[in-house]
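Here is a short briefing on a predicted model. Keep the structure open as you read, and find each residue as it comes up.

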Amino acid sequence: MDQLTLMAVHAHPDDEVMSTGGIFARYADEGIRTVLVTCTNGEQGDGAGGAKPGEDGHDAADVARQRLSELRESAGHLGITHVELLGYQDSGMDGWDANHDAASFANVPLEESSAKLAALIERYRPQVIVTYDENGGYGHPDHIQAHRITVAATESTGIPAKLYYTAIPRQRMKEMFEALKAAGMEFDDFEPDADFGTPDELITSVVDVSGTVERKVKALRAHASQGDSAFLLKMPEEAQQMVFSHEAFVRVSSAVEAPGHEDDLFAGLRRPY
Ligand SMILES: [Zn+2]
């Protein structure tokens, strides 16, 4: 049997932390090989001093350099053994100018980008691959494209025994949000939409990653140039423990026998001892 290998395909430097940082760290602890594929260089992220694309002080090449170095640090905290960069240009959020650039990841022909990923899948032969659902989790063009190239590459190679999409369980998210509010946390006017997240009944796999929370927080902190996660880092430790301690997934396909509800993405793939 090939060495057990986990591969996650993400759009930008920093996406690896919240939805898959715990499984990376936990499976690395178990000696499983962990491969992160990051599709873009994150040029459309925040620049020095929080400058947004198009504003003074935002230099795409500098932003990419900074974010890729943050990615290395984050990967170190999470025990990711192999970081693979597809090197595409960040497309920016839906509606941003970068959407129109032919070199942006979302505009690169699928045959080309999925062939690059397929070559990595052939090299590492992961039994488990994780990426986003068809909405890219929240609709960012690069996340949707990461989903598309992963589906195409898993189909063309036929390699992963199990394919998963990351998920935020809707009901659990709501309960967590209420608990945090009750504990006195301020969210300004933020109220999650009723259709935010994945309906709980679609979730097949929930992995307990409570032993990795500290490392996830460090990895998130490594991406210091990006303001998005600031509120997660400001949370009190107990709140972080609650929010970071489980990662949920929808199992899309499995070539092996595995329980309908599982707590291990490698269920059905381990040698009996
Ligand atoms: Zn992203």
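Ser-91 sits in the loop between β3 (82–88) and α3 (110–124). Ser-91 is buried, because its relative accessibility is 1% and buried means under 20%. Two other buried residues follow, and then three helix pairs.

**Ser-91 and its contacts**
- Residues up to four places away in sequence are not counted here; beyond them, Ser-91 touches Gln-44, Ala-98, Asn-99, Ser-104, Phe-105, Ala-106, Pro-141 and Asp-142.

**Asp-46, a loop residue**
- Asp-46 is found in the loop between β2 (33–40) and α2 (60–78).
- The relative accessible area of Asp-46 is 9%, so Asp-46 is buried.
- The side chains of Asp-46 and Lys-52 are joined by a polar contact of 2.7 Å.
- A polar atom of the Asp-46 side chain also lies 3.1 Å from the backbone nitrogen of Gly-227.
- Lys-52 and Gly-227 both appear among the contacts of Asp-46 when neighbours within four places in sequence are left aside.
- The other residues in that list are Ala-51, His-58, Val-63, Ser-225 and Gln-226.

**Tyr-124, a helix residue**
- Tyr-124 belongs to helix α3.
- Is Tyr-124 buried or exposed? Its relative accessibility is 6%, so Tyr-124 counts as buried.
- Leaving aside neighbours within four places in sequence, Tyr-124 is in contact with Thr-5, Met-7, Arg-33, Val-35, His-82 and Glu-84.
- Gln-171 is 47 residues from Tyr-124 along the chain, and 36 Å separates their C-alpha atoms.

**Helix α1 against α6**
- Helix α1 covers residues 15–29 and helix α6 covers residues 213–222.
- Their axes are 9 Å apart, and the helices pack at an angle of about 130°.
- That angle makes α1 oblique to α6.
- The crossing of α1 and α6 is right-handed.
- From α1, the residues that meet α6 are Val-17, Met-18, Gly-21, Gly-22, Ala-25 and Asp-29. Their partners in α6 are Arg-215, Lys-216, Ala-219 and Leu-220.
- By class, this contact has five nonpolar, two polar and three charged residues.

**Helix α1 against α2**
- What is the packing angle of α1 and α2? It is about 45°, with the axes 8 Å apart.
- The two helices are therefore oblique to each other.
- Glu-16, Val-17, Gly-21, Phe-24, Ala-25 and Ala-28 in α1 meet three residues in α2: Leu-71, Ser-74 and Leu-78.
- Six residues of this contact are nonpolar, two are polar and one is charged.

**Helix α2 against α6**
- The axes of α2 and α6 cross at roughly 175° and come within 8 Å.
- Why are α2 and α6 roughly antiparallel? Angles over 145 degrees count as roughly antiparallel, and α2 and α6 cross at roughly 175°.
- On the α2 side, Glu-70, Glu-73, Ser-74, His-77 and Leu-78 take part. On the α6 side, the residues are Arg-215, Lys-216, Lys-218, Ala-219 and Ala-222.
- This contact divides into three nonpolar, two polar and five charged residues.

**The buried side of the story in α6**
- Which residues in α6 are buried? They are Val-213, Lys-216, Val-217, Ala-219, Leu-220 and Ala-222.
- These buried residues pack against α1, α2, α7 (230–234), α8 (237–244) and β7 (246–254).

Terms used. Residues are numbered from 1 along each chain as its sequence is written. This is a predicted model: local features need pLDDT of at least 70, side-chain atom pairs count only at pLDDT 80 or more; totals for chains, interfaces and linings use all residues. Side-chain values use heavy atoms; hydrogens and water are left out. Helices (H or I, at least four residues) and strands (E, at least two) are DSSP runs, numbered from the N terminus. Buried means under 20% relative accessible area, exposed over 50%, partly exposed in between (1.4 Å probe, protein chains only). A polar contact is a pair of N or O atoms within 3.5 Å; within protein, one must be able to donate a hydrogen and the other to accept it, and residues adjacent in sequence count only if both atoms are side-chain atoms. Contact means heavy atoms within 4.5 Å. Axes are lines fitted to C-alpha atoms, for helices over the stretch in contact, and angles run from 0 to 180 degrees between N-to-C directions. Angles under 35 degrees count as roughly parallel, over 145 as roughly antiparallel, 65 to 115 as roughly perpendicular and the rest as oblique. A crossing is left-handed if the near helix is turned anticlockwise from the far one by less than a right angle, and right-handed if clockwise. Ala, Val, Leu, Ile, Met, Phe, Trp, Tyr, Cys and Pro count as nonpolar, Asp, Glu, Lys and Arg as charged, and the others, Gly among them, as polar.
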